[in-house]
Amino acid sequence: MGCLKVCAPVGFPAVERARVLRLALAVAPDLELDVAECGAPLSHADGEFDLLMHFGAPPASGAWFSRVIRRVPVGLVAAKEYLDRVGRPERLAALSTHPLFLWSVGGLEPRSVPLAGGGWQAVDPWMSTPNAELVRAAARAGAGVALVPLAGQPFHGSDEGLERLLVGEVEGEVQLRMLATNRRARNPRIDRVLSNIEAMGWA
């Protein structure tokens with residue numbers, strides 16, 4: 001049995017890890033899947049991994065094979081308990097009066113929130129992290145307002161108890177990609193996985 005070494009973003013949701021397993025088992029049942037979490041997956045592009053899952057654009061240079069496997073919407077949420085206690089921000093400027101927790105990955109501007117009409121609004125976050133689950137946990141705990149990957153689509157499960165904020169004003173999207181070097185993409189085992197991504201309904 002061969003081994004397929006995969007680098008996934010830190011805080012990668014369990015539902016998506018299960019989809020990786022499902023994909024690998026469907027197209028390459030003879031493979032052992034070794035999945036590690038990395039804070040900056042692209043920093044390992046020349047390392048030991050066969051496949052890297054990352055957010056945002058692929059490296060600007062190099063011999064890469066990269067494919068979009070998910071377009072992930074992002075927006076602001078907060079716990080109903082928090083909003084009942086401190087009030088709901090009704091305008092973008094009101095974010096400055098709330099503790100702000102940002103999901104910070106490739107495709108999102110640092111210390112900013114995406115605007116639905118395009119562009120970015122600079123903010124002063126209390127915390128920024130690439131760990132989406134940590135940001136979501138802060139929101140669920142009633143700690144403040146959080147920019148997160150949105151539920152209601154396969155990337156995440158339920159966000160029960162969380163409410164969307166500034167809908168139509170603060171909204172964006174990031175790309176989740178799978179990347180391999182051209183050398184590794186020519187490996188028959190890896191090629192089987194890459195060539196079946198769309199067939200498995202990822203894109």
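**Histidine 54**

I looked up histidine 54 and asked: is histidine 54 buried or exposed? Histidine 54 is buried, with a relative accessible area of 2%. The model I am reading is a predicted one. I placed histidine 54 in strand β3. Then I listed what histidine 54 touches, leaving out residues up to four places away in sequence. The list reads Pro9, Pro41, Leu42, Ser66, Gln175, Leu176, Arg177 and Leu179.

**The largest pocket**

I met His54 again in the lining of the largest pocket. With His54, I noted Pro9, Cys38, Gly39, Ala40, Pro41 and Leu42 in that lining. Phe55, Ser104, Val105, Gly106 and Pro130 also line the pocket. How much space lies in the largest pocket? I wrote down about 170 Å³. By class, I found eight nonpolar and four polar residues in the lining. No charged residue is in that lining.

**The disulfide**

I searched for disulfides next and found one in the structure. Which cysteines form the disulfide? Cysteine 7 and cysteine 38 do, with their sulfur atoms 2.4 Å apart. The pair links distant parts of the chain. I found cysteine 7 in strand β1, residues 2–9, and cysteine 38 in strand β2. Along the chain, 31 residues separate the two. I also checked how accessible each cysteine is. Cysteine 7 has a relative accessible area of 0%, so I noted cysteine 7 as buried. Cysteine 38 is at 6%, so I noted cysteine 38 as buried too.

**Glutamate 48**

From cysteine 7 I moved to glutamate 48. The two are 41 residues apart along the chain, and their C-alpha atoms are separated by 9.3 Å. Where does glutamate 48 lie? I traced glutamate 48 to the loop between β2 (31–38) and β3 (51–55). Its relative accessible area is 53%, and the cut-off for exposed is over 50%, so glutamate 48 counts as exposed.

**The cores**

I turned to the largest nonpolar core, which has 45 residues. Which residues touch the most other members? I noted Leu76, Trp103 and Val145. Strand β4, residues 64–79, gives the most to this core, with seven residues. I also found a second, separate core of seven residues. Cys7, Cys38, Phe49 and Leu179 are among its members.

I went back to tryptophan 103 and listed its contacts, leaving aside neighbours within four places in sequence. Among them are Phe55, Val74, Leu108, Thr129, Pro130 and Asn131. I also wrote down Ala132, Val135, Leu147, Val148, Pro149 and Val174.

**Glycine 168**

Is glycine 168 buried or exposed? At 52% relative accessibility, glycine 168 counts as exposed. I located glycine 168 in the loop between β10 (162–165) and β11 (171–181). Its partner in my next check was glycine 75, 93 residues apart from glycine 168 in sequence. In space, the two are 9.5 Å apart, C-alpha to C-alpha.

**The whole chain**

I ended with totals. I counted five helices and eleven strands in the protein chain. The chain has 203 residues, and buried residues make up 47% of them. I then looked at contacts with a separation of 6 or more. Residues 24 or more positions apart account for 77% of those contacts.

Terms used
Residues are numbered from 1 along each chain as its sequence is written. This is a predicted model: local features need pLDDT of at least 70, side-chain atom pairs count only at pLDDT 80 or more; totals for chains, interfaces and linings use all residues. Side-chain values use heavy atoms; hydrogens and water are left out. On a 1 Å grid over the protein atoms alone, a cavity is a set of points where a 1.4 Å probe fits but cannot get out, and a pocket is an open set with protein on both sides within 12 Å along at least five of seven lines; lining residues have an atom within 4 Å of a point. Grid points are joined across faces, edges and corners, and a volume is the space filled by probe spheres set on the points. Ala, Val, Leu, Ile, Met, Phe, Trp, Tyr, Cys and Pro count as nonpolar, Asp, Glu, Lys and Arg as charged, and the others, Gly among them, as polar. Helices (H or I, at least four residues) and strands (E, at least two) are DSSP runs, numbered from the N terminus. Buried means under 20% relative accessible area, exposed over 50%, partly exposed in between (1.4 Å probe, protein chains only). A nonpolar core is a set of buried Ala, Val, Leu, Ile, Met, Phe, Trp, Tyr and Cys residues joined through side-chain atoms within 4.5 Å. Contact means heavy atoms within 4.5 Å. A disulfide is a pair of cysteine sulfur atoms within 2.5 Å.
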